Structure formats: C-alpha cells, structure tokens
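Me: I am new to this structure and would like to learn how to read it feature by feature. Could you take me through it slowly?

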Amino acid sequence: MKAIQLHINAIKIVIDQLKKGRFLLYFLPGLVVSFFFLSFYTLLREGENVFSFLESVPLIGGFLSGVIKSTFGVIYYIVIQIYIFFVLTILSPFNTFLSEGVDTELTGQKYPFDVAQIFIDFMRMIGLVCIALILQFLFMGTFWLFSWIFGLHFLNSLVFMLISAFFIGFSFYDYSLERYKIGIFSSLGFSFKNMWTTVISGMLFLALYSIPYVGIVLAPVLLTMVTTVVYLQKKQLILHA
C-alpha cells in the first residue's frame with residue numbers, strides 16, 4: 001500500500017508541475033522518436049495483412065495463418081523492446097536533464113551543466129540497459145522453462161509483464177540513483193529491495209505506453225518525472241511541491 005501511495009502522491013505532484021507549464025518541452029524528443037517508431041510499426045502491420053490470404057488456403061490455411069501471426073507477435077515484442085531501449089539510451093540525456101530539473105524544483109538542489117558528465121551518464125545508461133535486458137530475458141527464459149515443465153503456461157503473460165515492468169522501472173529509477181552517486185549494481189540492489197515500487201513504476205510505463213498514438217510520447221517523460229518524485233519521497237528530500 002505504501003508503494004501505491006507514493007505513486008499517487010508522485011502523480012499529483014507531476015500533474016501540478018505540468019499544469020504550471022514546467023517541463024513541457026521534454027515531450028518533443030520523444031515525439032520525434034515516436035514518429036519513426038509508429039511509422040515502422042504501421043509498416044509491420046501492413047506486412048502482416050499481406051499474409052491474410054493464407055486463411056483461405058484449404059486444409060493447412062489455419063495452421064499457416066497461425067504461424068504467421070505467432071511470428072509477427074514475436075517481431076512486435078522485439079520492436080517494442082527496441083523502442084524502450086531507444087527511449088532509455090538515445091533519450092537518456094534529455095531524461096537526465098528532466099530528472100535533474102524535477103529534483104531542483106522540489107528540493108532546491110542545483111546541478112551544474114557538465115558535458116563530461118553527460119557522456120558518462122550516457123555510457124552508464126547503455127551499460128545499465130544492456131544488463132537489464134540480459135537479466136530480463138534470463139528471468140523470462142527461466143520462468144518459461146519452469147512453466148513448460150509444470151504446465152503453467154497460463155501464467156506466462158502475467159509473469160512476463162511483471163518481469164518487464166520491473167526492469168523498465170529499474171532503468172528509470174537509475175536517473176535519480178546515478179545523480180546521487182549510486183553505482184549500477186547498487187542501483188539494481190535498490191530496485192530489488194523496493195521491488196513492488198519498481199514494478200508499479202514499470203506497470204505505469206506500460207499502461208501509458210498502451211494509450212494509442214500518444215502513449216509512446218507521454219510514457220518516457222511522465223515516468224521519468226514520477227520515478228524522480230517517488231525516489232525523492234522515499235529519501236524524504238522534498239522541500240516543497
């Protein structure tokens with residue numbers, strides 16, 4: 001319940017900041033990335049429709065159609081993971097500035113511009129996201145094997161979603177953790193120690209992302225702000241909201 005309340009409070013603070021016209025420019029970089037992503041995603045959809053004729057093929061049409069749908073399902077999942085990877089790496093300098101801005105607004109702590117630090121942060125985020133993806137697929141593969149052995153396939157979608165949410169949340173919390181000089185593995189330890197907080201943040205990203213068209217623009221900015229506020233709340237650093 002505490003993790004939920006932290007997020008409710010954070011969302012209220014974020015909405016209040018946006019209503020005051022603060023941080024709105026940070027939606028622009030995501031808008032550019034999202035335009036290219038949506039264009040590619042639309043092409044994939046059109047490519048899948050090309051094979052719709054297979055359903056009318058006698059005897060094996062249903063099987064072939066199922067194979068194609070399953071194949072494109074895997075492709076869609078991979079494309080989404082690539083999009084999230086781009087959000088967390090290519091947009092990381094913008095998300096870092098955004099997180100710093102929210103921190104400054106709420107705590108009064110100022111963070112001077114440092115080109116060298118920007119490069120260090122960027123390289124750190126690439127390494128962190130790679131670690132997150134490896135662990136994510138490792139956990140998913142382990143559970144898939146477990147579910148296959150014990151006949152628990154019906155849990156796959158739920159568990160995979162929770163695992164994805166955890167590592168998405170972990171990646172976004174690192175914007176704050178890095179700023180407070182927390183190492184990558186200590187950052188991972190923070191997320192495991194605060195597992196439900198991290199999962200709820202990741203679920204919020206997935207929920208925002210699922211909003212047609214606008215979700216992929218809103219999700220990175222809003223989750224960067226929310227996770228920053230949640231972290232500051234947990235550390236009791238907020239002076240004013």
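Me: Before anything else, does Asp-103 count as buried or exposed, and why?

Reply: A word on the source comes before the case: this is a predicted model, in which local features need pLDDT of at least 70 and side-chain atom pairs count only at pLDDT 80 or more, while totals for chains, interfaces and linings use all residues. Residues are numbered from 1 along each chain as its sequence is written, and side-chain values use heavy atoms, with hydrogens and water left out. Buried means under 20% relative accessible area, exposed over 50%, and partly exposed in between, with a 1.4 Å probe and protein chains only. Asp-103 has a relative accessibility of 0%, and therefore counts as buried.

Me: Where does Asp-103 lie, and which residues is Asp-103 in contact with, leaving aside its neighbours within four places in sequence?

Reply: Helices (H or I, at least four residues) and strands (E, at least two) are DSSP runs, numbered from the N terminus, and contact means heavy atoms within 4.5 Å. Asp-103 lies in helix H4, residues 92-107. Leaving aside neighbours within four places in sequence, the contacts of Asp-103 include Arg-179, Tyr-180, Thr-228 and Leu-232.

Me: How many helices and strands are there in the protein chain?

Reply: The protein chain has 9 helices and 0 strands, and its pattern along the sequence reads α-α-α-α-α-α-α-α-α. Of its 241 residues, buried ones make up 43%.

Me: How should I read the helix H5, and why does its span agree with its 36 residues?

Reply: The expected span of a helix is 1.5 Å times one less than its number of residues. Helix H5 covers residues 115-150, and the 52 Å between its end C-alpha atoms agrees with its expected span of 52 Å, because its 36 residues are reckoned at 1.5 Å a residue. Among the buried residues of H5 are Asp-121, Arg-124, Leu-128, Leu-135 and Phe-143. An α-helix has 3.6 residues a turn, so residues three or four places apart point the same way. After H5 comes Gly-151, whose phi is positive, near 65°.

Me: What is the place of Glu-178, and which residues is Glu-178 in contact with, leaving aside neighbours within four places in sequence?

Reply: Glu-178 is in helix H6 and is buried, because its relative accessible area is 12%. Apart from neighbours within four places in sequence, Glu-178 is in contact with Gln-117, Asp-121 and Arg-124. Glu-178 and Thr-96 are 82 residues apart in sequence, while their C-alpha atoms are 9.4 Å apart in space.

Me: Which residues have the most contacts inside the largest nonpolar core?

Reply: In soluble globular proteins, nonpolar side chains tend to be buried together. A nonpolar core is a set of buried Ala, Val, Leu, Ile, Met, Phe, Trp, Tyr and Cys residues joined through side-chain atoms within 4.5 Å. The largest one here has 60 residues, and those with the most contacts inside it are Phe-37, Tyr-83, Phe-167, Phe-172, Phe-205, Tyr-209 and Met-225. Helix H9, residues 215-234, gives the largest share of this core, 12 residues. Leaving aside neighbours within four places in sequence, Tyr-209 is in contact with residues including Phe-37, Tyr-83 and Ile-216.

Me: Where does Lys-181 lie, and does Lys-181 count as buried or exposed?

Reply: Lys-181 lies in the loop between helix H6 (156-179) and helix H7 (184-193), and counts as exposed because its relative accessibility is 66%. Although Lys-181 is not a glycine, its phi is positive, about 60°.
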